[in-house]
Amino acid sequence: MRRRNAEEIVATIPADVLGLPKPAWAGEDVAMLYDMAHRFMSEEILPHYDGYEKNEIVDRAAWQKAGAAGLLCASMPEEYGGSGGTFAHESAIIEAIGHVGVDGFGIALHNAIVAPYILHYGSEEQKKKWLPKMATGELIGAIAMTEPGAGSDLQGVKTRAEKDGNQYRINGSKTFITNGQLANLVIVVTKTDPSKGAKGTSLIVVETDEVDGFERGRNLDKIGLKANDTSELFFNDVRVPTSNLLGQEEGQGFVQLMQQLPQERLEIGTGAIAMIERALAVTIDYVKDRKAFGKAILDFQNTQFKLAELKTEATIGRVFYNDCVTRHISGGLDPVTASMAKYWLSDLQCKIVDECLQLFGGYGYMNEYPIARMYRDARVQRIYGGTNEIMKLLIARSL
Ligand SMILES: Cc1cc2nc3c(=O)[nH]c(=O)nc-3n(C[C@H](O)[C@H](O)[C@H](O)COP(=O)(O)OP(=O)(O)OC[C@H]3O[C@@H](n4cnc5c(N)ncnc54)[C@H](O)[C@@H]3O)c2cc1C
């Protein structure tokens, strides 16, 4: 059987493998943005994607092209260089990334996680300074919470920001930071007053091109999401103006993180449902074509039953996801439901991708088949953004 290249496979994926009615939030402008993002990812990113995986980084020019195409900061107001959309627009872009299979292009974090901190907690001056450059890709965003000794337990963050006149002096190290090699705008979770625990936590923006003492560590060697740069970051007496604090006073960091985490968790759910749909589409396509014992793999009842189960679960996942977005856009997505979406959809993603891979037989284990990449890329979804165990703790608190 001839191996089809990634572009051919994208071309054969039906636009909507589940065939569900569209939710109200996926109106005409969101559908148009989805089509445009899908075309952009297929034409501008996918042809270079093997190279990005090999180099373990997407090049900066690709970010700037995405900016020029209007795919960065889609939900930021137009006055700050964005497109004035909502989370529905971010969802459309992230779904396109997942459907095309370029999951390592880290614009979801830039758009739907980093930029919103600046929009919600930044001063007018900060918003005008940073958001327009984030919308063009001149600034690439990252958020640095995790440290070698503090992941799930963010209260254990040790990175210190000490006030010194009209500057903060930042010392500490971060790890596992998405976009860590490329980012030149990093929101750093610091302790401004270690004696106050969570209430001594503050978010401070570091424009890495502007400071001394900032160093990037290794581009970490991961099992999946190879095209994304994930790094250690070191802050050695990095000085930034006190005006780089997000929020009007110190000590607001933990509250700000808690307020923004639901969107971060929902956005992980977006990636999950998009990959689920792609996995199903490429698998259905494959089992119709591949033959054993004189018939197509799809003609075995096991294959039919397995895919019937997976399509049912994917449908339940999509309906739940769509409902979460509906609630989020109207301001009603509570942190517990967002945690459910993150944990359940990412677990489902790993399960469905694994079951789909099985239907590819040995070819599923070969990196040249997209299902193999999905298998590697899916696994981290249960870990970052708060592990699924932490999600269950948060859900359990509501019992
Ligand atoms: C590819 C990748 C990208 C990432 N991107 C970013 C980023 O951009 N920015 C950032 O700040 N961080 C990022 N992270 C870090 C990520 O958020 C953390 O890895 C995650 O929160 C878990 O922290 P940890 O690795 O320290 O694990 P630990 O906290 O050491 O947890 C180890 C295990 O113990 C479990 N555990 C911990 N506490 C409890 C508990 N109370 N009850 C039950 N079980 C528990 C966990 O669920 C896990 O299974 C990224 C990580 C990866 C792998």
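This is a short selection-by-selection tour of a predicted model.

**Stop 1: helices α9 and α10**

Select residues 301–329 for helix α9 and residues 335–359 for helix α10. Their axes come within 10 Å and cross at roughly 155°. An angle over 145 degrees counts as roughly antiparallel, so α9 is roughly antiparallel to α10. The crossing of α9 past α10 is left-handed.

Now show side chains. On α9, the contact is made by Thr303, Lys306, Leu307, Leu310, Glu313, Ala314, Ile316, Gly317, Phe320, Tyr321, Cys324 and Arg327. On α10, pick Thr337, Met340, Ala341, Trp344, Leu345, Leu348, Lys351, Ile352, Glu355, Cys356 and Leu359. Colour the residues of this contact by class: 15 are nonpolar, three polar and five charged.

**Stop 2: from tyrosine 321 to tryptophan 25**

Keep tyrosine 321 of helix α9 selected and add tryptophan 25. How are these two rings arranged? Tryptophan 25 and tyrosine 321 form an edge-to-face pair, 6.3 Å centre to centre, with 85° between the planes. The two residues are 296 apart along the chain. Tryptophan 25 sits in the loop between α1 (6–12) and α2 (28–45), so look there for the other end of the link. Switch on a surface: both tryptophan 25 and tyrosine 321 are buried.

**Stop 3: phenylalanine 293 and phenylalanine 300**

Select this next ring pair. The centres of phenylalanine 293 and phenylalanine 300 are 6.4 Å apart and the planes stand at 85°, so this pair is edge-to-face. Check the surface for each partner. Phenylalanine 293 is exposed, with a relative accessible area of 81%. Phenylalanine 300 is partly exposed, with a relative accessible area of 23%.

Then select Tyr286, Phe360, Tyr363 and Tyr369, which ring pairs link into a cluster. The whole structure holds eleven aromatic pairs.

**Stop 4: helices α2 and α5**

Go to α2 (28–45) and α5 (87–100). The axes of α2 and α5 come within 8 Å and cross at roughly 35°. This crossing is right-handed.

For the α2 side, select Asp29, Val30, Leu33, Tyr34, Ala37, His38, Met41 and Ser42. For the α5 side, select Ala88, His89, Ala92, Ile93, Glu95, Ala96, Ile97, His99 and Val100. The α2–α5 contact has eleven nonpolar, four polar and two charged residues.

**Stop 5: two backbone oddities**

Most residues other than glycine have a negative phi. Two loop residues here go the other way.

Select cysteine 73, in the loop between α4 (60–68) and α5 (87–100). Its phi is positive, about 60°, although cysteine 73 is not a glycine. Is cysteine 73 buried or exposed? At 0% relative accessibility, cysteine 73 is buried.

Next, select leucine 225, in the loop between β6 (214–219) and β7 (230–241). Leucine 225 also has a positive phi, about 45°, and is not a glycine. Its relative accessibility is 12%, so leucine 225 counts as buried.

**Stop 6: proline 194**

Finish in the loop between β4 (185–191) and β5 (201–207), where proline 194 lies. Proline 194 is partly exposed, at 46% relative accessibility. Add glycine 165 and draw a C-alpha to C-alpha distance. How far apart in space are proline 194 and glycine 165? They are 19 Å apart in space and 29 residues apart in sequence.

Terms used:
Residues are numbered from 1 along each chain as its sequence is written. This is a predicted model: local features need pLDDT of at least 70, side-chain atom pairs count only at pLDDT 80 or more; totals for chains, interfaces and linings use all residues. Side-chain values use heavy atoms; hydrogens and water are left out. Axes are lines fitted to C-alpha atoms, for helices over the stretch in contact, and angles run from 0 to 180 degrees between N-to-C directions. Helices (H or I, at least four residues) and strands (E, at least two) are DSSP runs, numbered from the N terminus. Angles under 35 degrees count as roughly parallel, over 145 as roughly antiparallel, 65 to 115 as roughly perpendicular and the rest as oblique. A crossing is left-handed if the near helix is turned anticlockwise from the far one by less than a right angle, and right-handed if clockwise. Contact means heavy atoms within 4.5 Å. Ala, Val, Leu, Ile, Met, Phe, Trp, Tyr, Cys and Pro count as nonpolar, Asp, Glu, Lys and Arg as charged, and the others, Gly among them, as polar. Rings of Phe, Tyr and Trp (its six-membered ring) pair if their centres lie within 6.5 Å; planes under 30 degrees apart count as stacked, over 60 as edge-to-face and the rest as tilted. Buried means under 20% relative accessible area, exposed over 50%, partly exposed in between (1.4 Å probe, protein chains only).
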